[in-house]
Amino acid sequence: MKNSGLNVGMLCLALLLLPMLWACDNKDESFALFQFNEDGSCYYPSMKSISKSRFNKYVVGHGWYCESTNQIASDGSLVEEAYYDARSESTPHHYNFEDSSHLTVFYCTDGGTSCGFSTYEYSYEAGTNLVTPDFQLLSVSSDRITALECLEITSGRGKAYVYTSYRRMTNTELEECEETYAIDFLGENEENDESPESVETGEEGMEEGEIAGD
């Protein structure tokens, strides 16, 4: 009887620990540390290439809503406070990968008072997971993508590397986003091959040679 009670106790303990063990085995890359090169460029050391076919299958043809952005500290850890919560003059960017070569970016200027979009040409490089010129993919799934981005800080205060998570929008959400961000920042008669990096708080492209993990 004593051994039976002990076995039942051990079984209960094992069942309680299972969720913790599962979480450790399935942790998101946001818990991992990033690193910096000698030139100050940030990268994710566990490089896993995301194929062009996977990118086309899950990313292209869909809108992606920015759910969270956290700055990467100098030691490679994530700053707990949400990046945009402490920056009233900055707003997140949302994306619509219209096809394999045209990307629409939804964003606001003038402290969020003017919201619109820019559509321009982009390219994807499977070897480095770079979406040129905006960001570097870290993971891709049917409903979420994560990325390493380099943002210009306002007032000429340099740049910040951030880890961003995007949720796939439904068709209705994408239509609402297009209605909210209705201003064409590039204009109907201008070349639609520019990125919004000249706009305050726009992203810089990752430098060639930076890596990211899946």
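Let's start with strand β11 (residues 159-168), which is mostly covered, as seven of its ten residues are buried. Here, buried means under 20% relative accessible area, exposed means over 50%, and partly exposed is in between (1.4 Å probe, protein chains only). Strands are DSSP runs of E with at least two residues, helices are runs of H or I with at least four, and both are numbered from the N terminus.

Before going on, a word on the model: it is predicted, so local features need pLDDT of at least 70 and side-chain atom pairs count only at pLDDT 80 or more, while totals for chains, interfaces and linings use all residues. Residues are numbered from 1 along each chain as its sequence is written, and side-chain values use heavy atoms, with hydrogens and water left out.

So which strands pair with β11? Two strands pair if DSSP finds at least two bridges between them. Strand β3 (residues 63-71) does this in the antiparallel sense over seven bridges, and Y65 stands opposite R167 in β11. Strand β10 (residues 144-152) is also antiparallel to β11, over nine bridges; there, L151 has A160 of β11 as its bridge partner.

Now for the inside. A nonpolar core is a set of buried Ala, Val, Leu, Ile, Met, Phe, Trp, Tyr and Cys residues joined through side-chain atoms within 4.5 Å. The largest one here has 22 residues, and F55, F97, V131 and L137 have the most contacts inside it. Elements giving two or more residues to this core include α2 (52-58), β5 (102-109) and β9 (135-140). Another core, of nine residues, lies apart from it, with Y44, L148, C150 and Y161 among its members. In soluble globular proteins, nonpolar side chains tend to be buried together.

Contact means heavy atoms within 4.5 Å. Leaving aside neighbours within four places in sequence, V131 is in contact with F55, F97, Y122, S123, Y124 and L137. By the same rule, E178 touches N96 and F106. E178 also sits 8.2 Å from F117, C-alpha to C-alpha, although they are 61 residues apart in sequence.

How do three residues compare in place and accessibility?

| Residue | Place | Relative accessibility |
|---|---|---|
| N96 | strand β4 (residues 94-97) | 7%, buried |
| E178 | helix α3 (residues 171-180) | 38%, partly exposed |
| N129 | loop between β7 (123-125) and β8 (130-132) | 0%, buried |

N129 has one more quirk: its phi is near 60°, a positive value in a residue other than glycine. Most residues other than glycine have a negative phi.
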